[in-house]
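Here are a few exercises to work through with the viewer open. Try each task before you read its solution.

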Amino acid sequence: MNRTYNKLSFLSLSASIFLMGCGSTALVSTPVDNIDSVPLKVAELTDAEKKNWGHLDLIKDTIPGMSVDKAYDEIIKNKKGKTVVVAVLDSGMDLEHEDLKGVLWTNSDEIPNNGKDDDGNGYVDDIHGYNFLGKSYNEQLEYVRMLRLNIGDASERAEARLLLDKEYPEAVQNKQQYEQIFQVVKGADELVKSELGKEAYTKKDLLSIEPKTAQMEQSVAVLTQMFTYGDSIPEVLEELKEGITYFTDQANYNLNKDFNGREPVGDDPYDITDVPYGNGNPKNMVETESHGTHVAGIIAAQRNNGVGINGVAKNVEIMSIRAVPNGDEYDKDIALGIRYAVDNGASIINCSFGKSFSPKAEWVYDAIKYAASKDVLIVHAAGNDGEDLEVPENRNYPNDDMDSDSEFVDNLITVGALSSSYGSEMVASFSNYGKQRVDVFAPGDAIYSTMPNSEYEFQGGTSMAAPAVAGVAALVRSYYPDLSASQVKNIIMQSGLRTKTSVIVAGDETKATTFDKISKSGKMVNAYNALILADNISNGKMTLESNSK
């Protein structure tokens, strides 16, 4: 479960709040490499920039996007490309979304809804992908399952017990604090709306109030503080509700040792030979199961169709594989999901998930090796714990090193997340990092994309950075289909923008370093440069470096 709630800073407010209130193939330009001379962005992003910042150009816009718009304008133009199938191994997605239904992969050898495995691939009625979770949704974290089922060696279980003893009471406490903060803000909001005689108000309206009572004075102070967390109080209240939901799910499901979310599926999730299971409907089960829909839109929301957003890549068919629940994914589902994607024609698999315990990691490693043998690229999110993955105890599964110092495959690229502010704060505060275990960084904070029921929202996480890179990989594989998965990975790493600017990691000012030291490439992904390098490699004008530094 590579999911995080990114407004945890609300918790630091609780004490102060309660004190107060209770065409052409020719490449016309050359790539830009070192960008240390780029000026910092001073002005606030416009609404249009906020919704599209990941596609903008650092040199032109002083926003650390991937130069996607520039790539289309100057390189791709009207050039035709090959269709690329990208598997989204995730929580399922809205198959009827206005911006996604036109880019779905369809299994033409399967007859819909006849209850038969028409194409003999082992999966019944898999028209747009497969659902390995069946009717299950909420799940435990893996280490909690290990304690419930007595899985893993004694040292792993001891580590898991210490972690649960720490995290469960924290989740309960955080839930209570968010509920209390929500009630304080809601009460203050109602009082101010009554005072102003209007349902919606601005910060300027709020500050125009001359409080006549201590309660009003406290309400104005609380709401003034809340405006630092959102453009409107309804937006802040929505953020708080999301926090309540997040911590409630942690307490009731993710960290609840007595909960068994797998029961509706009916298989033994720790027996990889116990198949078949699941069903052929890889749609999200409930509206709140939005992660896969958001990820899919970043990759390939239909471009220039007059609605919603533009995905990074055109010429893409999205294969939906539902394997990531509201909790930690099972190694069995991920291993079989990767194999399903490979066997059914995907050339890129986006994996926006991760966990710190993986009792059957060997199943996933074998599936990654299988993908490598079939020339399939895997794009994986680095994780949202703000941790240095070079530290041995900061594990993030799946990976391509088997917890060693060397990679066992060259078809997996791990992605950290950038924010839209070029300079010291451009590394998203939640993003994991690592000189060897994170390959590149890409836009991942406050990304606007597709949501269930043909809606659109901002979400943040390395889960959003990975599909940005999957989209760039799809562009390269579309226009240069002769390039291998390994070549595409290394093109993306070597063509990125380099900078040695000082950055803060984990949102901690005491953890300042330089950007080139927090990933293997030391670079941020750039679609424009990637296409230029891909062209040169494909045409034999250049060769890739022997390593990715």
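Buried means under 20% relative accessible area, and exposed means over 50%. Keep in mind that this is a predicted model.

**Exercise 1. Is N284 buried or exposed, and what does its side chain meet?**

Step 1: find the residue. N284 sits in the loop between α9 (233-254) and α10 (291-300).

Step 2: apply the cut-off. The relative accessible area of N284 is 6%, and buried means under 20%, so N284 is buried.

Step 3: list the company. Skipping neighbours within four places in sequence, N284 is in contact with S91, G92, M93, D94, E289 and P452.

Step 4: look for polar partners. A polar atom of the N284 side chain lies 3.3 Å from the backbone nitrogen of D94. For the backbone oxygen of V286, the distance to a polar atom of that side chain is 3.0 Å.

Step 5: check the fold around this spot. N131 is 153 residues away from N284 in sequence, yet their C-alpha atoms are 9.4 Å apart.

**Exercise 2. Which residues of the largest nonpolar core touch the most other members?**

Step 1: pick out the hubs. This core holds 84 residues, and I318, I348, V379 and F515 touch the most other members.

Step 2: ask who supplies the core. Helix α13 (residues 462-479) gives the largest share, 12 residues.

Step 3: zoom in on one hub. Leaving out neighbours within four places in sequence, I318 is in contact with V86, V88, M93, V103, L104, W105, A296, I299 and A300.

Step 4: don't stop there. A second, separate core has 33 residues, including Y277, V342, V364 and V376.

**Exercise 3. Classify the ring pair Y143 and F357: how far apart are the centres, and at what angle are the planes?**

Step 1: start with the tally, which comes to 15 aromatic pairs.

Step 2: take the geometry of this one. The ring centres of Y143 and F357 are 5.6 Å apart and the planes meet at 45°, so the pair is tilted. Planes under 30 degrees apart would count as stacked, and over 60 as edge-to-face.

Step 3: place the partners. Y143 belongs to helix α5 (residues 142-149), while F357 is in the loop between β4 (348-351) and α12 (361-373), so to speak a link between distant parts of the chain, 214 residues apart. Both Y143 and F357 are buried.

Step 4: check for charges over faces. R395 lies over the face of F357, at 5.1 Å from the ring centre. Elsewhere, R339 lies over the face of Y370, at 4.8 Å from the ring centre.

Step 5: look for a cluster. Ring pairs join Y123, Y130, F132, Y277 and Y340 into one.

**Exercise 4. Why can α11 and α14 each be called largely enclosed?**

Step 1: sanity-check the length of α11 (residues 331-343). Its 13 residues should span 18 Å at 1.5 Å a residue, and the end C-alpha atoms are 18 Å apart, which agrees.

Step 2: count burial in α11. Of its 13 residues, 11 are buried, so α11 is largely enclosed by the rest of the structure. Among them are D331, K332 and D333. Just after α11, G345 takes a positive phi of about 105°.

Step 3: repeat for α14 (residues 485-494). Here 8 of the 10 residues are buried, so α14 is largely enclosed too.

Step 4: name the packing partners. The buried residues of α14 pack against β5 (377-381), β6 (412-418), β7 (440-443), α13, β13 (523-524) and α15 (527-538).

Technical notes. Residues numbered from 1 in each chain as written. Predicted model: local features only at pLDDT ≥ 70, side-chain atom pairs only at ≥ 80, totals over all residues. Heavy atoms only, no water. Core = buried A, V, L, I, M, F, W, Y, C linked by side-chain atoms within 4.5 Å. Buried < 20%, exposed > 50% of the residue type's maximum accessible area, 1.4 Å probe, protein only. Helix = DSSP H or I, 4+ residues; strand = E, 2+ residues; numbered from the N terminus. Contact = heavy atoms within 4.5 Å. Phe/Tyr/Trp six-rings, centres within 6.5 Å; stacked < 30°, edge-to-face > 60°. Lys NZ or Arg CZ within 6 Å of the ring centre and 35° of its normal. Polar contact = N/O pair within 3.5 Å; in protein donor to acceptor, adjacent residues only side chain to side chain. Expected span 1.5 Å × (residues − 1).
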